[in-house]
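Student: I am new to this structure and should like to see a single part of it examined closely. Please begin with that part and then explain how the rest of the chain is arranged.

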Amino acid sequence: DAQNSSVLNNDVLGAFLQSGRVAGLSRPVQIQFWHDMVLDASNATCVFWQPGAGTGGTGSWSREGCETTHREGTVICHCNHLTYFAVLLIPAGALSPAQLASLTHISTIGCSLSAAAILCTLLLCCFFSTLCPPRSCRQWLKDNTTRIHMHLLAALLLLNCSFLLSTPLAAGAKGLCQVTAALLHAGLLCVLAWMAAEAFHLLLLLVKVYNVYIQHYLLKLCLCAWGLPMLAVAAVFVFKRDTYGYHNISSSEGYRNMTMCWLTSSPVHYATLCYAGLILLFNTLVLVRVMMILRRIRRQRGQARKDWVTVLVLTCLLGTTWGLAFFSFGVFLIPQLYLFTILNSLQGVFICLWYLTLHRQSRPGSVSNTSR
């Protein structure tokens, strides 16, 4: 069905009477399904097909009015109505409805806080000229490092806002859901690209390649980090729009899943994972290189330890926690999902706090060290 539920042995039994619809029986009917598999009583559930329900009105499974009992080699369904019956076998390790609901609440609250924090940070940067001496502000705002930070924040704002809209709009028109899914995909690709731009710029600064001059440096970064992802998403949206649409997140009870606007194509999903993996690998290599450099110069500069902490926090906030997405298996599944949701949904808040720290340090005499 549309919820990607698994039907045990692919058997569906229909029971009807010619006299009309039968429902609300005081003595439920008993339907037995035989199987040759070892089942856990918690992952096989009796359900019936409910026409017209679910996303798009295509129908979905429901267990309302049915109870499930288990015997060796048999699943017994007790239902107070007649229709099409089946037994859904939910794979082990699937999220329970309670876990899915809690993760949804955490991500909604975290993304809302991040969006608000990012917006405040962007406004602070725009009006920074009123909060510090003019010369210091001009130097801070013209710095490429600051501009790259602002572009990353803008990409995060797009990602958070489109994510917050993806679940409510999944109940609306398909076209609007596809547009939201495309914006969410574009936001994710742009955030990852600007993380890579941050790592590249950080590497140039700390390796101290002062003699390297890249003409139209920031413009080229914008073309790569904004232009390429947006172009790719626009091409997919125009030529293969069905790539975006209703995406179902399964729970251990297949009839109580959650729907959001996201990718519906497995190849595009795996291509996005590969794209993210390459960027996170690059950022990790940059982090290792930076740590080696700071370790070498720690004895020569009194502020090296302070720079070490700044670089480590910056690089972690701009990519390391996203690597948790590659640990979604086995015993790591549930802890990883909670850690990933908490850390990455609050990423905007962390960056805002980091910016406030830089703002306090970016007073006359300390701008060059902290902003760079």
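Tutor: Helices are DSSP runs of H or I with at least four residues, strands are DSSP runs of E with at least two, and both are numbered from the N terminus. The model is a predicted one. The part chosen for a close look is L324, which is found in the loop between α7 (304–317) and α8.

L324 is partly exposed, as its relative accessible area is 21%, and the limit for a buried residue is under 20%. Setting aside residues up to four places away in sequence, L324 touches Q336, L339, F340 and L343. For L339, the separation is 15 residues along the chain, while the C-alpha atoms of L324 and L339 are separated by 7.8 Å.

The helix that follows this loop deserves attention next. Helix α8 covers residues 333–345. At 1.5 Å a residue, its 13 residues should span 18 Å, and the end C-alpha atoms are 18 Å apart, which agrees. The buried residues of α8 are L333, Q336, T341, N344 and S345. Viewed down the axis of α8, these buried residues fall within an arc of 125°, so they line one face of the helix. A general rule helps here: an α-helix has 3.6 residues a turn, so residues three or four places apart point the same way. Q336 thus has two roles in this account: Q336 is buried in α8, and Q336 is touched by L324.

From this part one may turn to the whole chain. The protein chain has 10 helices and 9 strands, and buried residues make up 42% of its 372 residues. Of the contacts between residues at least 6 apart in sequence, 73% join residues at least 24 apart. The chain exposes about 20100 Å², of which carbon and sulfur atoms supply 64%.

The interior comes next. In soluble globular proteins, nonpolar side chains tend to be buried together. In this model the largest nonpolar core has 49 residues, and those with the most contacts inside it are L152, L153, V191, W194, Y244 and W322. The elements giving two or more residues to this core are α1 (97–126), α3 (144–166), α4 (174–207), α5 (217–239), β9 (258–263), α6 (266–297) and α9 (347–361). Among them, α4 gives the most, with 15 residues.

Two residues illustrate this region. Y244, leaving aside its neighbours within four places in sequence, is in contact with ten residues that can be listed in full: Q178, A181, A182, H185, V233, V236, F237, W262, L263 and T264. L221 lies in helix α5 and is buried, with a relative accessible area of 13%. Not counting residues up to four places away in sequence, L221 touches I148, W194, A197 and W226. L221 and E198 are 23 residues apart in sequence, and their C-alpha atoms are 9.8 Å apart in space.

A second, separate core of 13 residues includes L8, A44, F48 and C77. Two of these names return in the sheet. An open sheet of 4 strands has the order β1-β7-β3-β4, with antiparallel pairing. β1 (13–14) and β4 (60–62) stand at its edges, each with a single partner strand, so one side of each lacks a neighbour in the sheet. Strands β3 (residues 44–50) and β7 (residues 84–89) pair in the antiparallel sense over 5 bridges; A44 stands opposite L89 in β7, and F48 stands opposite F85 in β7. The antiparallel strands β3 and β4 are joined by 3 bridges, and the partner of Q50 in β4 is S60. Of the 7 residues of β3, 5 are buried, so β3 is largely enclosed by the rest of the structure.

One further strand residue completes the account. T74 is found in strand β6 (residues 74–79) and is buried, with a relative accessible area of 9%. Leaving aside its neighbours within four places in sequence, T74 is in contact with Q32, F33, W34, H35 and T69.

Technical notes: Residues numbered from 1 in each chain as written. Predicted model: local features only at pLDDT ≥ 70, side-chain atom pairs only at ≥ 80, totals over all residues. Heavy atoms only, no water. Core = buried A, V, L, I, M, F, W, Y, C linked by side-chain atoms within 4.5 Å. Buried < 20%, exposed > 50% of the residue type's maximum accessible area, 1.4 Å probe, protein only. Contact = heavy atoms within 4.5 Å. Areas by Shrake-Rupley, 256 points an atom, 1.4 Å probe, with all protein chains shown as cover. Expected span 1.5 Å × (residues − 1). Arc of directions from axis to C-beta. Pairing = 2+ DSSP bridges.
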